[in-house]
Amino acid sequence: MRLDHIAYRVKNRKETAKFFTNMFGYTLSEEFDINFDDGSSARCCAMSPPEKGNDRCPWVLKGGRRTRPPSPNTVFHLPPEIFISDGDSGSIVGKWVKERGGVGGIHHMAYQVDDISGLVSSWKDSGIKFLSEEIINCPEDDIRQIFTEPLQVSGGVIIELIERGAKGFCTKSVKTLMESTDKGKVEKDSEASYPDTLNWLLGRNGA
Ligand SMILES: [Fe+2]
């Protein structure tokens with residue numbers, strides 16, 4: 001498991017991209033538009049960290065798989081990619097940014113996992129709800145993704161689970177994922193979406 005990417009929805013994606021380039025050395029890896037059926041659109045930038053593809057780093061990904069750390073005590077972690085989007089005032093992204101004072105924020109954090117099907121099944125058993133019934137699959141780009149509902153326990157930040165090969169983002173899946181967020185609202189109830197948070201954390205699920 002590793003943090004795969006952080007997704008920001010912002011007012012001006014180019015300004016945000018420039019910030020991460022200047023401050024951390026991120027580079028633009030992909031740029032594309034998503035056109036929705038209602039005529040609105042979102043514009044997206046995917047940014048790669050400077051460490052990605054650097055063969056001198058012990059944590060480099062090869063063929064989408066982790067290499068072994070050089071010693072059992074080595075801590076390694078490839079910095080996450082950054083996914084940035086902005087959109088028209090009436091679009092899914094534009095409305096989301098407007099609801100947050102016109103500034104936007106972190107929309108979701110994506111964790112790369114080895115067995116997304118097994119994990120989704122396990123999380124559902126724990127009471128966690130997802131924004132789509134099925135895992136969104138893009139076989140041509142070897143990538144599988146799904147969003148949780150906005151979680152109260154994470155301050156409303158959606159958790160994305162992602163299982164991927166070495167390729168980048170699948171634009172078809174990005175559209176489907178964005179559309180799934182149009183209905184997602186943070187639970188306003190005082191309780192988290194699963195039955196008993198503390199017991200769940202302590203491994204006493206169902207107690
Ligand atoms: Fe994502």
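Reader: Which strands are among what covers the buried residues of α1?

Author: This is a predicted model, in which local features need pLDDT of at least 70 and side-chain atom pairs count only at pLDDT 80 or more, while totals for chains, interfaces and linings use all residues. Residues are numbered from 1 along each chain as its sequence is written. Helices (DSSP runs of H or I, at least four residues) and strands (E, at least two) are numbered from the N terminus, and a residue is buried if 20 or more other C-beta atoms, placed from the backbone, lie within 10 Å of its own, exposed if 12 or fewer, and partly exposed in between. With contact taken as C-beta atoms, placed from the backbone, within 7 Å, the cover over the buried residues of α1 includes β1, β2, β3 and β6.

Reader: Which residues are exposed on the other side of α1?

Author: The buried residues of α1 are R13, T16 and A17. They cover an arc of only 100° around the axis, which puts them on the same side of α1, where the arc is that of the directions from the helix axis to the C-beta atoms. On the other side of α1, the exposed residues are E15, N22 and M23.

Reader: How far apart are the end C-alpha atoms of helix α1?

Author: The expected span of a helix is 1.5 Å times one less than its number of residues. Because α1 holds twelve residues, from 13 to 24, it should span 16 Å, and this agrees with the separation of its end C-alpha atoms, which is 16 Å.

Reader: Which strands are the edge strands of the open sheet?

Author: Strands pair if DSSP finds at least two bridges between them, and the eight strands of this open sheet follow the order β2-β3-β6-β1-β7-β10-β9-β8, with mixed pairing. An edge strand pairs on one side only, and this holds for β2 (27-35) and β8.

Reader: In which sense do β1 and β6 pair, parallel or antiparallel?

Author: Within this pair, the bridge partner of H5 is E81, which belongs to β6. There are five bridges between β1 and β6, and the sense of the pairing is parallel.

Reader: At about what angle does α2 run to β6?

Author: The buried residues of α2 are I92, V93, G94, W96 and V97, and they pack against β1, β3, β6, β7 and α4. Axes are lines fitted to C-alpha atoms, for helices over the stretch in contact, and angles between N-to-C directions run from 0 to 180 degrees. Lying across β1, β3, β6 and β7, α2 makes an angle with β6 of about 90°.

Reader: Which element gives the most residues to the largest nonpolar core?

Author: A nonpolar core is a set of buried Ala, Val, Leu, Ile, Met, Phe, Trp, Tyr and Cys residues joined through C-beta atoms within 7 Å. The largest has 34 residues, of which C44, M47, I82, I84 and V174 touch the most other members. Among the elements that give two or more residues to this core are β1, β6, α2 and α4. The most, five residues, come from β3.

Reader: Is E51 buried, partly exposed or exposed, and why?

Author: E51 lies in the loop between β3 and β4 (61-62), and its C-alpha atom is separated by 7.3 Å from that of P79, 28 residues apart along the chain. Because 14 other C-beta atoms lie within 10 Å, E51 counts as partly exposed.

Conventions:
Two residues are in contact if their C-beta atoms, placed from the backbone, lie within 7 Å.
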